[in-house]
Amino acid sequence: MTDSNTTTSADDPYLWLEDVTGDEALAWVRDHNAPTLAELTDSDRFSQLEAQALEILDTDDRIPYVRRRGEYLYNFWRDAAHPRGLWRRTTLEQYLTDSPEWDVLIDVDALAAAEDENWVWKSATMNRPGYDRALISMSRGGADAAVVREFDVATRSWVDDGFTLPEAKSSISWIDRDTVYVGTDFGIQPDGDGSLTTSGYPRVIKRWTRGTPVDAAPTVFAGSVDDVAVSAGYDHTPGFERHFVSRATDFFNELTYELRGTEEILLDVPTDAHVSVHHDWMFVRPRSDWEVGGTDYPAGTLLVFDYPSYLAGAREHTVLFTPDAHTSLQSFSFTRSHLIVLTLHDVHTEVTVCTLGDWTIVPQPGLPELATVSVLDTDPDDSDEVFWSATSFTAPPSLLHGNSGTEVTVIKQTPQFFDAESVVAEQFFTPSDDGTPIPYFVIRRRDVTSGPTLLYGYGGFENSLTPGYLALSGRNWIERGGIYVIANIRGGGEYGPAWHTQAQKAGRHLVYEDFSSVAKDLVASGLTTPAQLGAQGGSNGGLLMGVMLTRYPELFGALVCQVPLIDMRRYHLLLAGASWMAEYGNPDDPDEWAYIGEYSPYQNLTREKTYPPILVTTSTRDDRVHPGHARKLVARLEEYGHDVRYYENIEGGHGGAADNKQAAFKSALAYEFLWRTIGSADH
């Protein structure tokens, strides 16, 4: 095998498919889209699946989630009449009514029409404390790379001489009304290197003052070209104003500094720790075991220190959370008076609220039991207000509101999209190849005890799959008699950092052993058969599908592989791939390629094996996971004579869909394929 940096067409005859928008590559895409669409979309069932999905995505009855900025609550909303969306605001008094009056600030559909651009909304970042200006980020077709413009909220107009950036993977944040931190593609820098990392993200941060050219802005911080990214931010908390910069040396390790003038003060914590400074407290959650003051703490512990004292060398601290074999910390957030800690116990949410400073636990009444609970928004500078979300596999999301430590009430509720009374959700455990118990959830109609089963997984980047309402799956799969399964395999964060770290790099095989073990258990339990078992995953989960195809083809009757990584020999050379080497390893290192090559789907495809039918989907506008992965997988499968279908959305970004209509189409395409392969004709 040649070094991946010198891969030629002799090594890989499908390299030309990596030319994302090349005429020949796009002609290949159109030629492959056409038969897939002709086969899968020409039926009453597909039309019904698509219509039901779009109804769910577009319904006016879903919750308009908000974020408080000053006296207003802001929301971004898409529906049938506004597929690109509206950025709007209202007051809390109005929001609590059944039909709030919304003040529309930006109509993205009207803007796209006026400018003849395919704008897809990304974000709005408002200045503090005035909240009269916003940095609006929009992309063309849903890509990660975005255009930034400054918007005057009071006049509902773009600021002519404002902070604007051309399309790039930029970072920009407010310092004050006339100053921002910015990282973007500045071109070649005085040190001779470019301003972007090999992962395509900013490595140089400048302090940009209104009315001056961005290129003339002084550099305040720079990282290495081999870093993943650098970033900067200003803490506006009254009385605790501070500047911070950080270098992500890889996906999971970071160096954080406080800037005081030109002085960079390193926060001397483990580089793999999550660190947060709030007021004069520093919160640290290490991702590996950490010795502090002579005491060893396991990965996933949450400790709090006095921040000024810590910088001076003191290490006195309080332990706020200690993980165990069943319980892990998922997140924490602040209100004016409280710290809110969310944990998982065997993938079920538990909530702890404690008083800032003395860390006394206080009750938090009003939250539902047996639900996945998350904190959507707080305003820690000014109040104890919290917006909460609660959901489960069968309970649609509810929005709760109130103050931390006091009774909260449901103020908004998503309607039910399937008959929850007829559906049951159960949790099971099965041993993986090494004996580790792997949890998985089975969601089915009560009267369905076996049949077509769809197994979903991800298994990477410490991303936890927690119970959440299955609107689309409930309507288009479960209600029709299908069984839906979610596997909480290693690589995720369901049991804390170690659940992930043991599956990094050389431990990657654990991810695939866990998933295949769940698949085997579903058959052994009599829930399904290999012919009726399908699996689905996207992005890192698409890599999971590629490995299931090549290593465990006998376990499945069909696979749905979405926006996948496939060619692990070249993944680090394509778009953001270099940023994931801490997860997978470096294929240019022979020792690391030795284990990557064992599972890399592209290199392990053969003519001889019998593979289940597979639907592969991606997006031309995905500038995170290169669409060449999906294209090359399909080309190689076709060359070897295997059963494969392909669809590439010309826009949509990494999510694969730029609006609700595209998302509904993508969902219906997958379910139609599954009903045709592992289902039966009458569903």
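Helices and strands are DSSP runs, a helix having at least four residues and a strand at least two. The exercises below concern a predicted model.

**Exercise 1.** Determine which residues UniProt assigns to the feature "domain: Peptidase S9A N-terminal", and describe the make-up of residues 322-407.

*Solution.* The unreviewed UniProt entry places this feature at residues 4-184 and 322-407. Turning to residues 322-407, one finds that the chain there is 0% helix and 53% strand, while the end C-alpha atoms are 27 Å apart. The domain assignment, by contrast, divides the protein chain into domain 1 (65-168), domain 2 (169-266), domain 3 (273-293 + 300-321), domain 4 (323-415) and domain 5 (417-679).

**Exercise 2.** Characterise the contact between domain 1 and domain 2 by its residues and its buried area.

*Solution.* Begin with the placement: the C-alpha centres of domain 1 and domain 2 lie 25 Å apart. The contact draws 20 residues from domain 1 and 15 residues from domain 2. Next comes the area buried between these two domains, which is about 1600 Å², with carbon and sulfur atoms giving 66% of it. On the side of domain 1, Arg-128, Phe-163 and Leu-165 supply 41% of the area that this domain buries against domain 2, more than any other three residues.

**Exercise 3.** Count the salt bridges and the polar contacts between domain 1 and domain 2, and then work out which elements and residue classes make up the side of domain 1 that touches domain 2.

*Solution.* Two salt bridges are counted between the domains. The side chains of Asp-132 and Arg-177 meet in a salt bridge with an N to O distance of 2.9 Å, which satisfies the cut-off of 4 Å. Four residue pairs are in polar contact, both residues of each pair being at pLDDT 80 or more. The elements that give two or more residues to this side of domain 1 are strand E5 (119-126), strand E6 (133-140), strand E7 (146-152) and strand E9 (165-168). Sorted by class, the side of domain 1 that touches domain 2 has ten nonpolar, four polar and six charged residues.

**Exercise 4.** Examine the backbone at Pro-129 and at Arg-156, and say where each residue lies.

*Solution.* As a reference, most residues other than glycine have a negative phi, and most peptide bonds are trans. Arg-128 and Pro-129 are joined by a cis peptide bond, with omega about 0°, and Pro-129 belongs to the loop between E5 and E6. Arg-156, although not a glycine, has a positive phi of about 55°; this residue is found in the loop between E7 and strand E8 (157-158).

Terms used
Residues are numbered from 1 along each chain as its sequence is written. This is a predicted model: local features need pLDDT of at least 70, side-chain atom pairs count only at pLDDT 80 or more; totals for chains, interfaces and linings use all residues. Side-chain values use heavy atoms; hydrogens and water are left out. Domain bounds come from an automatic or database domain assignment. Contact means heavy atoms within 4.5 Å. Buried area is the accessible area (1.4 Å probe) that two parts lose on being put together, summed over both. A polar contact is a pair of N or O atoms within 3.5 Å; within protein, one must be able to donate a hydrogen and the other to accept it, and residues adjacent in sequence count only if both atoms are side-chain atoms. Ala, Val, Leu, Ile, Met, Phe, Trp, Tyr, Cys and Pro count as nonpolar, Asp, Glu, Lys and Arg as charged, and the others, Gly among them, as polar. UniProt positions are given in the numbering used here, feature names are shortened, and annotations may be inferred rather than shown by experiment.
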